[in-house]
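Work through the exercises below with the sequence and the coordinates at hand. Each task is followed by a stepwise solution.

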Amino acid sequence: MVTGDGRPWPGDREGLPGQRLAQGAGATQPDPAPVHPDPAPAGSAVHPAAVDSVASGGAVASEAVADGGVTGAATGQRGAAHSAATSARAAGVTADARLGALRRLGLLTVAMALLTGLLVWLYGTSVTSLRPRNLPILTVGQQLAAGALADQISRVEPGALSVRTVGDVAAADRALRDREAYAAIVIGDGGLTLRVASAASPAVTEALTRGIRVFMPGLEIPVVDVVPTAPRDVGGGGLAAGYLPLVLVLAAAGVLLTRLVRSRAVRLAGIALFAVLAGFAGAVALRGALHVLPGSLLTTMAVVTLLALAVVAPVVGAGAVGGTAGLVGITLVMVVAAALSAAASAPEMLPRPWGDVGQFAPPGAGVTLLRSTDYFDGAAGGRPVVVLAVWLVLGLWLAFVGERGAQPAATAWLLSGGQRPIGGQRPIGGQRPTRAAHAAHTGRTARIARVGGAGTAPSGSRTRVGSPPPDGPQVPVEEAGDGTLEAPAADAGAGEAVGPAQATAVPGRRSTLERTVPLEPPPASGSTRR
């Protein structure tokens, strides 16, 4: 009952009828704040039914709040238990991950150590095992004398030399310039003369000169160099020393193009552009700076460009088709082929059949083509050109049909100018880790309830997620098994579990996880809102 001015009667000061009903039902909630309706105009009266309706609505609301508190407490207990279980699982996952990483690290280091020893042995063997193996040479003179000398030389060390006879010196020099033989022993009126083409292989010239002196001791045999090496590369070591890093840099460039570029068209354009630039740089270094090649700059640049295409394209293609395994395999092929290229000797000086095998790979074909074009006017350069062209076509085809190899995070890093990805996470295995994996790895998980950071929303209610806060990066959350949301806690200490209150109560900083709209309990049926 109320008086004319809207105040309750003195006998009703214990509370409104709805409040007394709630207290009689055993509710322990404190009395809500007194309701002060708008004052009515003088002389008017408020109908008692309206007051009873408001009071009934307040009682229903009080009961809903009480039920919500009990439900929130139960949900909090379940959340705490789930958080403890999640922490235990995260610790187990972290331990297993560390053991797996250590196992992989051990296998990788052992494999790399074995590979290092194998490559050192291979490169060392390519020098220490040098000796003639079916090396083509000529004997020049009268048919009977030249044939007898050829038989005598062949019996000295069977299988070392392949000797044939020609009629005159002009024919011998023509064979040397056409790269059909490495040397010719001429029987003249004044004795024996050794004619060589040191540009084909300085190592072969030195071996033949020393061998003839041992075979015919006491004889002074003059040596005539028909096709000499460049003046600055007398021993032939300059070309070999500059050629090996050239091949390795080309292979490394192919790896970088594969890992950093995802677009097929950009990869192909990168192969062409890099090949031209590498051809120019290599020609300037070998001819202009080192002076180990006497040919023209354009000719040397064309050969180095073709070599770059034949090396980079297969590396990019193998990486595009086979990913990391393809890159490792093709890189090893190029490194081994560089050891078998005979850049410092000749294919006939290497153990069989590796000398011939090396000529069917880009490093071996490239150095043979360089010598043919710069010293012999392109003689014997047809097969190297075909070999390089086949590798180029195969590499371009693989690069065109393949779509693997590039790392999304590495591509983003390249396009962003070297900046780290958003969120500060480093790429693992080519992809950014998920939030759940990151939380399990660090052992720090912040649990956020669906509504307001604690409790659960009433059945039948709706939540509306707003736009991300303007003053902080958007942090995606993932749904756990019990209907809550999980996200890594960036402000927690190491190994500390962060609850919902800690995750949102950061002074002076708006949490990126507060993205839900508080819900109001549904109005009771029959209640009237003022």
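A residue counts as buried under 20% relative accessible area, as exposed over 50%, and as partly exposed in between. The model used here is predicted.

**Exercise 1. Classify Arg131 and Glu157 by accessibility, and state where their salt bridge sits in the chain.**

Step 1. Arg131 has a relative accessible area of 42%, so Arg131 is partly exposed.
Step 2. Glu157 is at 41% relative accessibility and therefore also counts as partly exposed.
Step 3. A salt bridge requires a side-chain nitrogen of Lys or Arg within 4 Å of a carboxyl oxygen of Asp or Glu. In the pair Arg131 and Glu157, the closest N and O atoms are 3.9 Å apart.
Step 4. This pair links distant parts of the chain, 26 residues apart: Arg131 is in the loop between α2 (48-128) and β1, and Glu157 is in the loop between α3 and β2.

**Exercise 2. Determine whether Asp173 and Arg195 are buried or exposed, and give the N to O distance of their salt bridge.**

Step 1. The N to O distance between the side chains of Asp173 and Arg195 is 2.8 Å.
Step 2. Asp173 belongs to helix α4 (residues 169-177) and Arg195 to strand β4, with their positions 22 residues apart in the chain.
Step 3. The relative accessible area is 11% for Asp173, so Asp173 is buried. For Arg195 the value is 18%, so Arg195 is buried.

**Exercise 3. Locate the salt bridge of Arg210 with Glu206 and classify both residues.**

Step 1. The closest N and O atoms of Arg210 and Glu206 are 3.8 Å apart.
Step 2. Both residues lie in helix α5 (residues 202-215), four residues apart, which is about one turn of the helix.
Step 3. Arg210, at 48%, is partly exposed, whereas Glu206, at 52%, is exposed.
Step 4. The whole structure holds four salt bridges, including this one.

**Exercise 4. Give the strand order of the five-stranded sheet and explain why β2 and β5 each have one side without a neighbour in the sheet.**

Step 1. The sheet is open, its pairing is mixed, and its order is β2-β1-β3-β4-β5.
Step 2. β2 (161-166) and β5 (223-225) stand at the edges with a single partner strand each, so one side of each lacks a neighbour in the sheet.
Step 3. On average, neighbouring strands are turned by 25° against each other, direction ignored.
Step 4. Strands β3 (residues 183-188) and β4 (residues 191-196) run antiparallel and are joined by six bridges. Val186 stands opposite Thr193 in β4.
Step 5. Helix α3 (residues 143-156) lies across β1 (135-140), β2, β3 and β4, and runs at about 180° to β2.

Technical notes: Residues numbered from 1 in each chain as written. Predicted model: local features only at pLDDT ≥ 70, side-chain atom pairs only at ≥ 80, totals over all residues. Heavy atoms only, no water. Pairing = 2+ DSSP bridges. Helix = DSSP H or I, 4+ residues; strand = E, 2+ residues; numbered from the N terminus. Axes fitted to C-alpha atoms, helices over the stretch in contact; angles between N-to-C directions. Contact = heavy atoms within 4.5 Å. Buried < 20%, exposed > 50% of the residue type's maximum accessible area, 1.4 Å probe, protein only.
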